[in-house]
Amino acid sequence: MRIGVIGTGTIATAVVRGIAGDGHQITVSARSAANSRALAAEFENVCVAENQAVLDTCDVVLIGTTGAQADAALEPLSFRPDHIVVSLMGDLPLDHVARLVAPAENPVMLIPFPVIATGGSPVFSCPPSPTVQALVGARNLVIAFDDPAQMVPFMAAQATLSPALKLVATAGEWLAERTGDATRAEAFLTTLIANSMKAGSLADSLAALDTPGGYNQRLRDHMEPGYHLLRDGLDKLQG
Ligand SMILES: NC(=O)c1ccc[n+]([C@@H]2O[C@H](COP(=O)([O-])OP(=O)(O)OC[C@H]3O[C@@H](n4cnc5c(N)ncnc54)[C@H](OP(=O)(O)O)[C@@H]3O)[C@@H](O)[C@H]2O)c1
């Protein structure tokens, strides 16, 4: 595919890293110069151009500005009716994007997570899109929605990532204080936890860790108030 990127920020850069190995011709916008230059230096199929030149040399356009920047970035540009527009902007409704990219039609939303740079990211697609599937589906988990409202509880639930990482980081600090080796502590815990989460369903994995009176069961019971706190927090995020 001939892919253009308008707004080569944090998430667009991660997406480009994730798809650059798939043989596309990718043109990224010159602004956000540090990211654009780094991508062009890293991948021979990535080049840098001004915004309109990005559009003129691509068929699929990824929009990676923030929602607040989109009007100023996109209003001066001329889109073609045959452009396939993919918005990475989680903070701008699709009908607003549609107005900005006309005469291109039917933009889709693709919401990735930074781990998309190396693959294995969940990716929200709204609506379901063969372009999104073709771009990122081989190495990531595409979760498609017919209606943006269906994304709301997923957007809240994805925030579990931060407290989950903080939980592991806290255990890592605790272990490092007792062993004097922070690198080994983190490697131990991340290997244990990341791979155990891939081993089967969470319910089965939890059941397997249920030895009565064992370390796991005792710590899990001790943490019980925290799980209720998590549910309350998710309720608040969903609004
Ligand atoms: N970060 C995430 O993990 C994540 C995940 C999923 C979705 N999103 C969504 O992705 C969108 C972007 O987020 P982000 O974190 O990647 O933001 P970001 O790092 O601030 O990226 C926005 C980029 O747009 C560029 N830009 C601004 N005006 C421009 C213009 N006129 N022409 C070309 N480029 C322009 C900025 O360049 P300058 O730096 O030069 O100003 C910046 O590099 C947001 O809507 C966010 O909700 C983010």
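Asparagine 106 counts as exposed, because 11 C-beta neighbours lie inside 10 Å; here a residue is buried if 20 or more other C-beta atoms lie within 10 Å of its own, exposed if 12 or fewer, and partly exposed in between, with C-beta atoms placed from the backbone. This is a predicted model, in which local features need pLDDT of at least 70 and side-chain atom pairs count only at pLDDT 80 or more, while totals for chains, interfaces and linings use all residues. Residues are numbered from 1 along each chain as its sequence is written.

**Backbone exceptions**

Most residues other than glycine have a negative phi, and most peptide bonds are trans. Asparagine 106, although not a glycine, has a positive phi of about 55°, and its place is in the loop between H5 and S6; helices (H or I, at least four residues) and strands (E, at least two) are DSSP runs, numbered from the N terminus. Serine 32 also has a positive phi, about 55°, and lies in the loop between strand S2 (25-29) and helix H2 (33-42). Serine 32 counts as buried because it has 20 C-beta neighbours inside 10 Å. Two cis peptide bonds are set out below, each with the loop that holds its proline.

| Cis peptide bond | Omega | Loop holding the proline |
|---|---|---|
| Alanine 102 to proline 103 | near 15° | between helix H5 (94-101) and strand S6 (108-111) |
| Cysteine 126 to proline 127 | about -5° | between strand S7 (122-126) and helix H6 (130-136) |

**The ligand shell**

Serine 32 appears again around the ligand, where 26 residues are found and Gly7, Gly9, Ser32, Ala73 and Met89 come nearest; a residue is near a molecule or strand if its C-beta atom, placed from the backbone, lies within 6 Å of it. H1 and helix H4 (67-74) each supply at least two residues of this shell, and H4 gives the most, with 4 residues. By class, the shell has 11 nonpolar, 13 polar and 2 charged residues, where Ala, Val, Leu, Ile, Met, Phe, Trp, Tyr, Cys and Pro count as nonpolar, Asp, Glu, Lys and Arg as charged, and the others, Gly among them, as polar.

**The nonpolar core**

The largest nonpolar core (buried Ala, Val, Leu, Ile, Met, Phe, Trp, Tyr and Cys residues joined through C-beta atoms within 7 Å) has 40 residues, of which Val5, Val15, Val16, Val61, Leu62, Ile63 and Leu88 touch the most other members. Helix H1 (residues 10-19) gives the most to this core, with 6 residues. Leaving aside residues up to four places away in sequence, leucine 88 touches Ile11, Ala12, Val15, Leu62, Ile63, Gly64 and Leu110, contact being C-beta atoms, placed from the backbone, within 7 Å.

Methods:
Two residues are in contact if their C-beta atoms, placed from the backbone, lie within 7 Å.
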